[in-house]
Every structure is written in C-alpha cells, then in structure tokens.
Amino acid sequence: METPKIFEPGKIEEKWYAHWMEKGYFHSVPDNREPYTIVIPPPNITGVLHMGHMLNSTIQDVLIRRARMLGKNACWVPGTDHASIATEAKIVQKLKAEGIQKSDLTRDEFLGHAFKWKDKHGGIILEQLKKLGASCDWERTHFTMDKEYSESVVNVFIDLFNKGKIYRGVRMVNWDPEALTAVSDEEVIYKEVNSRLFYVRYKIDGLDDEWITIATTRPETILGDTAICVNPLDKRFIHLHGKSVIVPIANRIVPILTDDYVDMEFGTGCLKITPAHDINDYEIGRKFNLASIDLFNENGTLNEYGLHYQGVDRFEVRKLIEKELHETGFLSKTEDHINKVGFSERTKAVIEPKLSMQWFVDMKDLAKPALENVMNNSIQFYPEKFKNTYRHWMENVKDWCISRQLWWGHRIPAWYYGEGVNDFVVALTAEKAASLAQEKTGVAYKVEALRQDEDVLDTWFSSWLWPISVFNGLTQPNNPEINYYYPTNDLVTGPDIMFFWVARMVMAGYEYKGDMPFKNVYYTGIVRDKLGRKMSKSLGNSPDPIALIEQYGADGVRVGVLISSPAGNDLPFDTSQCEQGRNFTNKLWNVYRLVSAWEVVDFEQPHSANLAIDWFESKLNKTLLEINDAFDKFRISDALMLTYKLIWDDFCSWYLEIIKPGYEQPIDKLSKEVTIAFFEKLLILVHPFAPFITEELWHLIGNDKKENDIIVASWPKAGKIDDALLLNFNQCEEVVSNIRNIRKQQNIANKVKLALFVKGQVNGQLNFHSVIIKLGNLSTLEYINESMKGAFSFVLEGKEFFIPFGEEMDTAAEKDKILAELEYIKGFLKSVQGKLSNEKFVSSAPSSVVESEKKKEQDALSTIDILTKKIADLG
RNA sequence: GGGAGUUUAGCUCAGCUGGUUCAGAGCAUCUGCCUUACAAGCAGAGGGUCGGGGGUUCGAACCCCUCAACUCCCA
C-alpha cells in the first residue's frame with residue numbers, strides 16, 4: 001500500500017494512547033531512579049478544557065516526557081478540585097432548572113445531588129487531557145474531596161487551630177450577595193466603573209439652617225451612618241467641631257468627628273461614616289467606638305434598618321433614595337465619577353463589605369519561610385520577575401478568611417455546645433468534640449447536643465495541601481511515596497493564581513513538611529485572542545481545544561501552542577500556529593516517506609554523503625546541547641524552535657538533499673542506515689512536543705520488532721562536535737546559495753547544469769567540493785588562477801567564483817549589481833577606517849576588537865579591488 | 001494612589017558582561033518553481049533611526065536621566 005502524502009493524525013492518536021496506557025508507561029512507583037514529579041494544577045471538577053489548560057498541560061507533558069526519556073522516574077499526578085463556589089453555583093443552577101430550590105433541601109439532600117452530578121459529569125476535563133496526549137499517572141488521580149484528602153484538610157484545620165493560627169471572629173469581610181457567602185480578599189476583583197458622586201446636605205443639630213454637605217457614591221448607606229468626619233486641619237469646618245448632625249431620612253443624630261484620614265481635596269472634604277459597609281469607615285468606627293448599623297440582608301436587599309426600603313435591592317434603593325433626597329431638598333447635586341468597585345471573582349456580583357463572624361488564618365508566621373525561600377531562590381520562579389509580585393504580597397499578607405457559607409466543600413470541624421461566642425471546640429468527630437467540650441467546661445455533653453459549624457472551608461484551604469496530600473503525606477506521614485516524590489520538581493501554572501495557590505502551597509509545604517513543595521515554578525502566560533482579549537467562555541472567543549485537535553491533530557496543536565509562548569508572556573493565540581504545527585508533523589511524515597522508499601544496493605558511499613554525515617553529526621550534537629540548555633532554563637519555545645529548525649532546515653533542506661539519490665536510484669547501505677539512525681534521534685528530540693507522530697514513525701522505521709517504544713527511548717547524549725567542520729559547511733552553504741541566487745536572477749532553470757570556476761583556492765579542493773557540485777547542480781567545479789571574463793561572479797572569503805555566461809546575458813544589469821555592492825562596501829570601509837583613525841578607539845578598545853576592525857579593513861579593501869576589476873572586465 | 005514590567009521587521013518574540021553571534025529568528029509578504037519525500041512543499045528576495053528626546057563612553061538596542069504609550073499586581 002502506498003504511503004499517503006499527507007499525515008493523518010486522527011488514525012493513530014487513539015491507538016498509541018491506548019498502547020501507552022496498556023504498557024503502564026505513565027504509572028510510576030518509587031524505585032531507585034531519581035524521581036521527577038509534577039502535580040497538575042487541579043482543574044475544577046466542573047471544568048471543560050480551555051486554551052489555558054491546553055498550554056499549561058502541554059508544557060507539563062513536554063517536561064514529563066523529556067524527564068522520562070532522561071531516565072528519571074517521571075510522575076505526573078492528575079486530579080480535580082472541588083471548587084466550592086463554582087460547583088455549588090452550578091449545582092444550584094441545575095437544580096433550579098429542575099424546579100428544585102436549594103432552600104427546600106437539607107444539607108445532605110443537596111450534597112447527594114451534588115455527588116451524583118459529580119460522578120456523572122465530573123472529570124470530563126481529564127478525559128479531554130488524554131486526547132491531548134497528557135501522560136499523567138491516571139492511577140494516581142485525586143480529587144480534593146476524596147475521603148483521605150478531606151481528612152487531611154480537616155486535620156490541618158484542627159492543627160492550625162490548636163497552634164493558635166486559626167481563629168474565629170467578627171470582621172469586615174467581602175460578602176458575595178449572590179453566592180451568599182464571604183470570600184477572601186483574593187477573590188475580589190476591582191474594576192473602574194462609571195458611577196456618580198452624590199452631594200447630600202445634613203442639617204447641623206441645634207443650629208438654625210446650618211448645613212454640612214457630604215459627597216458619597218453610595219447614598220443608600222446613609223441610613224447606616226453613625227458619624228460625619230472632617231479633617232481636623234480643615235479650616236472650613238473648625239466651627240463645627242464637637243457639633244452633631246441629623247441624618248436625612250433616618251433622622252438620627254450623629255456626631256461630627258475629626259480625623260486626618262479624611263482627604264480635604266476629595267468631594268466636599270466631609271465624609272459620612274458607615275462602619276458596617278465600608279472597610280475604611282469600619283476602621284474609623286473602631287477608633288471612635290461608633291455603633292455600626294448593618295443595613296443589608298445577605299442577598300443585598302435592605303433589612304429593617306432600611307426603613308421603608310426594607311426588602312428592596314441595594315441598587316434599586318440607590319435610585320429611590322436619590323429621588324427621595326432630591327424631593328426633600330437634601331440632595332444638592334450629583335456628579336459623574338469614576339471609582340473602583342469590587343466584584344466577586346466567581347459570580348461577578350458587586351461585593352458588599354459586611355461585618356460577620358468568620359474563620360480566619362493568621363498568616364504572619366506562615367509567610368516567613370515562604371517568603372524567604374523564594375527570595376533566596378531555593379524555590380526558583382520562571383520568569384524571575386514574579387518574585388517581586390510575590391514578595392509584595394507576602395510582606396503585606398493579610399489574614400485569610402477561610403469560611404464560606406456554602407455546603408459543597410469541607411465542613412468546618414467546629415462543634416458548638418452553647419450560645420456564647422467561645423462555646424465551641426474543634427475536633428475531627430462529634431465524639432471527640434463531646435469529650436473536648438467536657439474537658440473545657442466540666443460539663444458532660446451528648447453528641448446529639450453538639451451542633452457542627454454550618455460553613456465549609458475555602459477551596460484553596462484544600463488546594464494548598466495538594467503536593468502533600470496526593471501522596472497522603474498528612475494522613476500517613478513519612479510513607480515511602482511522600483518521602484520519594486516530595487518535594488516535587490516543577491509546577492506549571494498561571495500567574496493569576498500565584499496568591500490563591502502557589503504562595504499558600506509554599507506555606508503549607510514548610511509548615512507540614514518542613515520543606516518546599518516544588519523546586520521550580522514556571523508561570524505560563526495568559527492565552528489571548530488576536531485582539532488581545534483574554535480567552536474566556538463569556539466572550540466566546542476561545543476555540544474549542546478538542547475541535548482544534550480534530551482539525552490539526554494533537555501534535556499539531558501542541559506544537560502550535562508552544563511555538564511562541566515564552567514563560568510569563570501572554571500567548572496571543574491564532575489557529576495559524578496550529579497550522580504551522582500541523583505542517584511540521586507533515587514534514588516529519590514525509591521524511592519517513594522519502595527514507596522508507598530508498599532501495600538499498602551495496603555500493604560505495606558517495607563522497608558527498610560521507611561529508612554530509614560527518615557534518616550533520618556535529619550539527620546534531622551541537623544543537624542538542626543548545627536544546628538541553630534551553631530546557632534547563634525553561635525556555636520551552638526556544639527548545640522547540642531549535643528542534644524545529646534542526647529538522648526542517650538542517651536535516652531536510654541540507655542533509656537529506658545531499659544524501660538523496662537521484663530519481664529511481666538506489667542508495668548505499670551505510671548512508672541509509674546512518675540516515676535512519678539520525679532520524680531516530682531526531683524523533684526522540686521531537687517526541688516531548690509531538691508524542692503521537694513520533695511514536696508512529698518510530699515503529700514504522702523498524703522499531704516494531706525491537707519491542708520498544710519511543711516514549712521510553714533514551715534522550716540522546718551529545719557526542720563530538722567538530723567546530724571547524726561546521727564552519728566549513730557554512731561556507732559551502734553560502735556558495736550553494738550564491739549559485740542558486742544567480743540562477744534565480746538570471747532565470748536559469750534548476751535543471752540546467754552550470755559550470756563553476758574558483759579562483760584563489762591555493763591548496764587542493766574547496767571544502768565540501770562534492771556537496772557543492774550536487775546541490776548547485778554543477779556540470780563541473782574547477783580551480784583557476786586568473787579571473788574569468790564573461791561570467792557571473794561572486795566573492796566569498798577572498799575567493800572569487802565564476803559562472804560563465806550562457807548565450808544571452810544582461811551585462812548592464814550585472815554591472816549595476818556590482819556597482820551597488822561596491823558602493824556598500826565603500827561605505828562600510830569608511831566607517832571602519834573612521835574607527836581605526838580615531839586615536840582614542842585604538843588606545844582604549846581591547847586589542848582583539850582593534851584587530852578585528854583591521855581585518856575588516858583588509859577584507860573590504862580586497863573585495864573593492866576584486867569588484868573594481870570585475871566592472872572593468874564587463875566593459 | 002503605590003509597585004512591577006513591557007516598548008526591536010507587518011505579527012509574535014530572541015538579543016548574556018556595552019565591542020564579529022549585533023541588528024536576529026519563526027510566521028506573514030513578494031518573486032520564481034507542480035524539480036518524483038512533502039504546494040501543508042522547494043528556492044530566492046524585500047522589510048527595522050531598536051518608542052521619542054537628552055546624557056555617559058573611543059564605542060549604546062544594552063548603562064544613566066527624562067517624556068510617552070501599553071500591560072499586570074496591590075490598595
């Protein structure tokens with residue numbers, strides 16, 4: 001059967017993935033090899049593969065596959081994250097569509113629905129990763145709510161509580177009125193929005209017709225005002241110090257305070273204080289011991305303090321109250337104003353600062369080793385610039401609000417036995433809690449009398465244990481696996497979760513293992529569309545990765561995604577890159593087509609082939625060192641590009657063109673064998689990037705019998721590099737290019753054989769004489785002592801090359817060309833001589849630099865000489 | 001408001017300690033070729049005051065100052 005001209009990836013991907021799985025190549029168990037471990041950033045259980053995962057996972061797979069080939073015990077641990085808010089929202093939505101309200105369900109009923117859903121639809125994304133070729137150890141797939149994992153999470157909570165690092169208290173938190181839960185500072189996204197500034201008049205109490213005007217963006221919170229504040233230095237208000245005002249609508253009397261927090265320049269210089277609904281007001285409230293009036297219900301509507309607005313949504317109230325203030329004469333004016341508003345990362349709802357009882361982690365001590373070990377490069381960031389961002393966050397780290405008013409997640413192991421603020425204990429089970437409660441109070445409590453905290457923990461409170469818990473390092477400390485695989489090697493993730501996840505894993509690592517969780521962190525960029533927008537589901541600008549794989553092949557997409565994605569830089573993605581990737585796989589395919597079609601006959605190897613083999617061996621070795629170096633520096637795109645060019649340019653365009661026998665000619669045995677050996681090495685180098693086609697070709701070129709697969713082949717070791725040879729070949733390439741150029745300019749068909757004469761070759765032949773004859777399609781290559789008239793010519797390295805004219809020839813054009821060249825060289829000479837005649841340059845520059853300038857001068861002079869003669873010869 | 005980063009060819013990016021690795025790569029473009037591995041290809045070519053201005057230096061894409069634009073992080 002004839003080999004198709006075009007590689008068809010769809011036919012082989014599934015076959016090889018199944019084969020790899022069957023052979024258990026992805027599975028790792030501890031042995032005496034060096035471990036190489038990556039834990040996947042666990043995608044949300046509800047997630048589907050998007051371009052970000054694609055980039056991220058491809059990089060991880062490249063690293064894992066190369067490590068495997070380097071003989072390391074490669075282990076890539078996959079899994080999913082329960083993603084409490086996102087998943088709960090999804091389940092609630094799904095139930096709603098079925099006519100079920102969450103509020104109608106008990107906690108257990110709800111969780112029953114959730115788990116049922118998870119079992120059915122969860123983990124689609126892991127199946128999608130398989131299509132990409134991800135060589136994860138699927139036997140190690142973890143889920144952050146697995147039994148043992150959950151135990152770790154809860155135990156860590158208990159431990160930190162017992163160490164005094166977790167506390168419970170009333171604090172100002174970020175409230176998401178849509179998800180009805182508190183969220184952490186990191187989950188709030190601030191955005192500039194066009195809003196309005198309302199100027200509202202408050203009457204001074206006890207004075208006749210004296211008013212003070214405040215400016216606010218949130219008039220609906222007026223009902224919760226408990227003070228007015230001015231800057232003590234503000235002369236405009238000195239006469240009002242110590243007075244009180246009457247809050248409009250609420251008709252409450254509140255004091256006028258002075259504090260230098262107030263910016264005299266902003267608005268009217270007079271600030272209303274609503275301690276329950278603004279973090280800064282809250283601080284002032286604490287300072288002056290103000291009452292705080294919480295106006296809002298959990299869903300963002302007003303409560304009984306909202307008076308006649310009770311039950312109305314906060315944004316609706318803003319409109320209504322504007323109207324009321326206007327009608328009653330309290331509103332003096334409004335202005336357009338741009339301010340920053342916090343939005344929930346998950347639900348996009350406007351965050352409401354709200355006082356509430358929550359659980360917090362005290363971060364100060366945890367942050368110390370985490371900061372130190374990144375700053376001293378024990379943990380290395382790629383690119384390094386992210387160290388700055390990391391340091392800034394760590395140095396200003398705030399306590400972490402970890403309780404969420406949700407059901408989907410790890411329930412907080414706190415048990416309440418009374419109504420007092422401190423009437424609780426923290427324990428793994430109700431039984432233990434009962435005995436602890438008894439210890440604490442001296443009273444015996446029945447298990448049934450205890451109420452467990454209703455809240456669950458922030459998702460990241462489980463994710464931060466990921467590198468430890470996937471090896472059961474907390475439930476079974478010092479088990480052989482954790483001791484072998486931890487610390488892991490590389491973490492590949494986006495900079496957007498540096499604080500959510502990376503920083504906290506580092507903290508947990510030092511707290512619970514006394515060691516870093518990973519050695520290197522590679523931050524990928526954000527995948528953007530052509531217009532520079534972040535690819536997202538809501539914008540609908542993200543291509544479906546699976547459709548891309550079907551169109552271009554997994555290998556093509558992998559190459560396309562990596563071909564221009566330096567660490568930390570955004571990846572502007574365009575499908576044309578996948579096209580390039582696909583073309584590359586097709587190129588590989590055609591190497592096979594060519595080589596496999598060669599018929600072997602036992603005859604002496606042509607000289608040109610012999611030369612080409614020596615040259616390519618050096619070239620391959622040299623490039624291999626460069627590729628390894630690029631990998632060591634996590635310059636993955638560079639490593640790919642080096643591989644790409646080695647194959648496309650050096651191997652295909654030069655090496656194979658030299659080796660290739662003429663049409664229907666056989667090849668000598670040795671050349672074919674060596675060529676296949678080269679091809680095998682090249683396939684190994686491409687394998688991490690394009691696993692499927694390389695496995696297919698590996699078998700097609702004869703490894704089928706040997707019972708081995710490329711996935712476990714050894715990464716080549718670089719052998720000898722002959723630099724002189726490489727240099728000589730460069731000259732050969734230039735000669736050939738010049739010949740081709742003359743052909744092109746003179747419209748000489750490729751089939752027409754040309755004669756080439758060289759002047760200035762003193763001893764023997766040109767390097768690569770036979771190669772030049774073959775690639776230049778020459779009838780003859782001869783050496784002469786005198787310049788030749790009536791010939792095209794070019795100059796390289798002081799040697800003159802001549803190609804005699806055919807019948808007709810455009811001398812004028814040839815002369816113009818030489819004149820232009822002459823002009824350029826003369827300009828060049830002038831600049832070189834300018835340098836050399838500069839006293840200061842000659843005396844201060846290093847002698848090597850001066851020498852090289854002198855050589856340039858000599859070369860230029862002799863070239864000018866040659867060109868001038870040529871022009872004379874042309875007449 | 002505070003901090004970090006970026007600005008080099010049409011696009012995406014390399015460019016190390018200031019000097020022959022110095023103005024590069026890939027893609028795109030243009031021009032020839034359906035040359036028996038590949039037109040998803042081959043061969044050639046043209047593209048840049050290295051964001052603007054100033055300075056240091058014998059010498060600056062690289063160091064310093066300044067202005068501008070963009071991106072990200074934090075409040």
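Helices H10 and H15 of this predicted model are roughly perpendicular to each other, because the axes of H10 (residues 386–395) and H15 (residues 498–512) cross at roughly 75 degrees, and angles of 65 to 115 degrees count as roughly perpendicular. The angle is one part of the description, since two packed helices are described by the angle between their axes and the distance between the axes; for H10 and H15 the axes come within 11 Å. From H10, the residues Phe-386, Thr-389, Tyr-390, Trp-393 and Met-394 take part, and they meet Met-498, Phe-499, Ala-503, Arg-504, Val-506 and Met-507 of H15. Sorted by class, the residues of this contact comprise nine nonpolar, one polar and one charged.

H10 also leads to the RNA, for H10 is among the helices that each supply at least two residues of the surface near RNA strand B, together with H18 (575–597), H20 (636–659), H23 (723–745), H26 (839–844) and H27 (847–874). The largest share of that surface, nine residues, is contributed by H18. By class, the surface is made up of 15 nonpolar, 15 polar and 15 charged residues. Of the 45 residues around RNA strand B, those that come nearest are Lys-340, Asn-590, Trp-648, Tyr-663 and Lys-744, and on the RNA side sugar and phosphate account for 58% of the atoms that come within 4 Å of the protein.

Individual atom pairs give a finer view of this surface. An N or O atom in the side chain of Asn-590 is 2.5 Å from a sugar or linking oxygen of RNA strand B. Phosphate oxygens of the strand are approached by polar side-chain atoms of Tyr-644, at 3.4 Å, and of Lys-660, at 3.2 Å.

Turning to another part of the chain, helix H5 (residues 124–132) has Ile-125, Leu-126, Gln-128, Leu-129, Lys-130 and Leu-132 buried. The elements that cover these buried residues include H1 (10–23), H2 (51–69), strand S3, H16 (545–552), H17 (554–562) and H22 (691–703). After H5 comes Gly-133, with a positive phi near 100 degrees.

Strand S3, one of the elements covering H5, also borders the loop that holds Asp-81, which runs between S3 (79–80) and helix H3 (84–97). Asp-81 counts as buried because its relative accessible area is 4%, where buried means under 20%. Beyond its neighbours within four places in sequence, Asp-81 is in contact with Pro-42, Pro-43, Asn-44 and Ile-45, with Phe-143 and Thr-144, and with Thr-459 and Ser-463.

Terms used: Residues are numbered from 1 along each chain as its sequence is written. Chains are lettered from A and ligands numbered from 1 in the order in which they are written. This is a predicted model: local features need pLDDT of at least 70, side-chain atom pairs count only at pLDDT 80 or more; totals for chains, interfaces and linings use all residues. Side-chain values use heavy atoms; hydrogens and water are left out. Helices (H or I, at least four residues) and strands (E, at least two) are DSSP runs, numbered from the N terminus. Buried means under 20% relative accessible area, exposed over 50%, partly exposed in between (1.4 Å probe, protein chains only). Contact means heavy atoms within 4.5 Å. Axes are lines fitted to C-alpha atoms, for helices over the stretch in contact, and angles run from 0 to 180 degrees between N-to-C directions. Angles under 35 degrees count as roughly parallel, over 145 as roughly antiparallel, 65 to 115 as roughly perpendicular and the rest as oblique. Ala, Val, Leu, Ile, Met, Phe, Trp, Tyr, Cys and Pro count as nonpolar, Asp, Glu, Lys and Arg as charged, and the others, Gly among them, as polar. A residue is near a molecule or strand if one of its heavy atoms lies within 4 Å of it. A polar contact is a pair of N or O atoms within 3.5 Å; within protein, one must be able to donate a hydrogen and the other to accept it, and residues adjacent in sequence count only if both atoms are side-chain atoms.
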